[in-house]
Amino acid sequence: RAVQIGDERCYDIDRLTWYEGVLREAVQEARPSMKISQRMSKQATVLVRALVKALPEDVQVESITFCKATKANFQPRMPFGRIYMNVHPFNDDVKTAIKALLTILNEKPIMNFVLGHNKSSPDTTMHRDIITRVMTRDDSKVMTNLYECPRPKCKCQRFLDAEDLQKRRVTSLAQSRTCYNGVNGCGGHTSHAREWRMRIVMPDWKK
């Protein structure tokens with residue numbers, strides 16, 4: 001049976017419901033092992049492995065690229081706007097699985113973990129990382145962590161991965177763009193990457 005969800009057409013409502021069920025159960029099973037005293041990368045690794053295990057083995061894509069609208073073959077709508085992605089290979093079953101995954105990641109409290117508390121313009125770095133890893137069945141260790149801007153009096157937070165921290169300098173994206181905690185931060189201050197590495201954050205996202 002076909003179903004219309006917003007302006008996104010998923011072709012099998014029964015399959016969509018089943019995907020949502022197994023993914024929601026996987027999140028519930030993973031949450032006790034996602035301890036807020038641990039780095040977010042370690043918690044995310046637990047979550048990704050649970051979600052990968054929950055999906056059938058034949059549900060897998062070679063690549064997902066987050067891109068501009070003109071290059072996207074899938075444009076699901078989220079509360080904060082559309083996500084533009086190019087998925088390969090792309091078929092109805094893959095689209096249904098991604099739609100179910102997006103629904104589950106948008107449910108509290110796991111939404112607080114992957115997107116933070118900045119609802120209008122969230123930091124989607126962890127969100128994109130988890131989607132990509134689950135759909136490509138990459139259950140290796142997640143390398144993305146949350147950091148607080150090192151600038152004095154600025155409390156904005158953002159996700160950085162290993163590649164970001166290998167750069168010489170890192171730019172804060174708070175205030176006018178995206179951040180995890182939704183504060184009015186420094187709005188573009190650039191700092192040495194080593195200064196960010198010293199300010200890792202482990203928020204209580206379960207509240």
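Here is a short conversation about strands, helices and a loop in a predicted model.

Student: Are the residues on the two faces of strand 7 buried or exposed?
Tutor: Welcome! Residues are numbered from 1 along each chain as its sequence is written. In this predicted model, local features need pLDDT of at least 70. Strand 7 (a DSSP run of E, at least two residues) covers residues 145-148, with Asn 145 and Tyr 147 on one side and Leu 146 and Glu 148 on the other. Taking buried as under 20% relative accessible area and exposed as over 50% (1.4 Å probe, protein chains only), these four residues are all buried.

Student: Which residue is the bridge partner of Glu 148 in strand 8?
Tutor: Two strands pair if DSSP finds at least two bridges between them. Strand 7 and strand 8 (residues 157-160) do so in the antiparallel sense, over four bridges. In strand 8, the partner of Glu 148 is Gln 157.

Student: Which residue in strand 11 does Leu 146 stand opposite?
Tutor: Strand 11 (residues 200-201) also pairs with strand 7 in the antiparallel sense, over two bridges. There, Leu 146 faces Val 201.

Student: Where does Pro 56 lie?
Tutor: Pro 56 touches Arg 15, Trp 18, Tyr 19 and Arg 137, not counting residues up to four places away in sequence; contact means heavy atoms within 4.5 Å. Helices are DSSP runs of H or I, at least four residues. Pro 56 sits in the loop between helix 2 and strand 3 (63-66).

Student: How far apart in space are Pro 56 and Val 22?
Tutor: In sequence, Pro 56 and Val 22 are 34 residues apart. In space, C-alpha to C-alpha, the separation is 9.9 Å.

Technical notes:
This is a predicted model: local features need pLDDT of at least 70, side-chain atom pairs count only at pLDDT 80 or more; totals for chains, interfaces and linings use all residues. Side-chain values use heavy atoms; hydrogens and water are left out.
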